[in-house]
Amino acid sequence: MEDCENLHKKSMDKNVDKRDVYNIWAKTYDKYVKSLNYTGPKEIVEKLVKYLENTNGKQNILDFGCGTGLIGEELNNYSYDYVLDGIDVSEKMIELANAKRIYNNIYNIDLHKEDFQEEKKYNFIISSGVFLEGHVNFNVIDKLHTLLEKDG
């Protein structure tokens with residue numbers, strides 16, 4: 001776990017390429033956050049479910065910074081009608097998330113440097129553990145906002 005602690009510190013350094021850090025960390029990430037009793041994904045999904053209870057029809061949900069799929073795993077415990085997509089910068093994290101077969105699509109995009117090219121709009125965009133010190137800048141929220149449906 002000591003190596004994970006170093007990777008965790010590196011992940012918060014604004015001068016470090018997040019793609020590299022998370023590609024290295026991918027293999028041990030889930031075990032590490034579990035050892036910390038990290039409940040962010042569970043808490044986010046519990047809040048999302050309160051909104052899903054009041055919706056009709058299939059909902060398009062985007063998990064921004066989906067990593068290994070922790071939010072997807074939590075959402076998979078509920079039986080609402082939804083399409084779940086993800087965005088992440090780490091190819092290795094995406095491989096692990098894809099192996100869980102929870103997401104419909106996962107896009108390997110760094111929204112700091114690239115734009116989302118899909119002609120798709122979402123009812124909900126959720127995220128856990130992404131808007132932290134040294135991670136994603138808040139200016140990315142403007143890009144995410146353009147991906148929302150009118151009342152998303």
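Visitor: How do you know that helix H3 reaches about as far as expected at 1.5 Å a residue?

Guide: Keep in mind that this is a predicted model. H3 covers residues 40-52, 13 residues in total, and spans 18 Å from its first C-alpha to its last. The expected figure is 18 Å, so the two are close.

Visitor: Which residues of H3 are buried, and what puts them on the same side?

Guide: The buried ones are Gly-40, Pro-41, Val-45, Leu-48, Val-49 and Leu-52. Around the axis they cover an arc of only 160°, so they sit on the same side of H3. Turned away from that buried side is a face with the exposed residues Lys-47 and Lys-50.

Visitor: What do the buried residues of H3 pack against?

Guide: Three elements: strand S1 (59-64), helix H4 (70-75) and strand S4 (124-126). Take Leu-52 as an example. Leaving aside neighbours within four places in sequence, Leu-52 is in contact with Gln-59, Ile-61, Leu-75, Tyr-80 and Phe-124.

Visitor: Which residues have the most contacts inside the largest nonpolar core?

Guide: That core has 17 residues, and the best-connected ones are Leu-48, Leu-52, Ile-61, Leu-75, Leu-84, Tyr-103 and Ile-106. At least two residues each come from H3, H4, S2, H5 and S4. H3 gives the most, with 4 residues. Another core, of 13 residues, lies apart from this one and includes Ile-87, Leu-111, Phe-116 and Val-140.

Visitor: Now to charges. Why is the pair Glu-114 and Arg-19 called a salt bridge?

Guide: The N to O distance between their side chains is 3.9 Å. The cut-off is within 4 Å, so the pair counts. Glu-114 lies in the loop between strand S3 (105-108) and S4, while Arg-19 lies in helix H2 (residues 18-35), so the bridge ties together parts 95 residues apart in sequence.

Visitor: Why are Glu-114 and Arg-19 called partly exposed?

Guide: Buried means under 20% relative accessible area and exposed means over 50%, with partly exposed in between. Glu-114 has 32%, so it is partly exposed. Arg-19 has 24%, so it is partly exposed too.

Visitor: What makes Asp-85 and Lys-120 a salt bridge, and which parts does the pair tie together?

Guide: Their closest N and O atoms are 2.6 Å apart, which is within the 4 Å cut-off. Asp-85 belongs to strand S2 (residues 82-88) and Lys-120 to the loop between S3 and S4, so the pair links parts 35 residues apart in sequence.

Visitor: Is Asp-85 buried or exposed, and how do you know that?

Guide: Its relative accessible area is 0%. Anything under 20% is buried, so Asp-85 is called buried.

Visitor: What makes Lys-92 and Glu-95 a salt bridge?

Guide: The closest N and O atoms of Lys-92 and Glu-95 are 4.0 Å apart, and the pair is listed as a salt bridge. Both residues lie in helix H5 (residues 91-99), 3 residues apart, about one turn of the helix. Lys-92, at 42% relative accessibility, is partly exposed, and Glu-95, at 48%, is partly exposed as well. As for networks, salt bridges that share partners join Arg-19, Glu-91 and Glu-114 into one. The structure holds 10 salt bridges.

Visitor: Which residues form one aromatic cluster, and how many aromatic pairs are there?

Guide: Tyr-22, Trp-25, Tyr-29 and Tyr-32 form the cluster. A search of the whole structure finds 8 aromatic pairs.

Visitor: What is the phi of Asn-37, and why is this residue called exposed?

Guide: Asn-37 has a positive phi of about 55° although it is not a glycine. The residue lies in the loop between H2 and H3. Its relative accessibility is 63%, and the exposed class starts over 50%, so Asn-37 counts as exposed.

Visitor: What about Arg-101: where is it found, and why is it called exposed?

Guide: Arg-101 is found in the loop between H5 and S3. Phi of Arg-101 is near 55°, again positive in a residue other than glycine. With a relative accessible area of 77%, which is over 50%, Arg-101 is exposed.

Note on methods: Residues numbered from 1 in each chain as written. Predicted model: local features only at pLDDT ≥ 70, side-chain atom pairs only at ≥ 80, totals over all residues. Heavy atoms only, no water. Phe/Tyr/Trp six-rings, centres within 6.5 Å; stacked < 30°, edge-to-face > 60°. Buried < 20%, exposed > 50% of the residue type's maximum accessible area, 1.4 Å probe, protein only. Arc of directions from axis to C-beta. Contact = heavy atoms within 4.5 Å. Core = buried A, V, L, I, M, F, W, Y, C linked by side-chain atoms within 4.5 Å.
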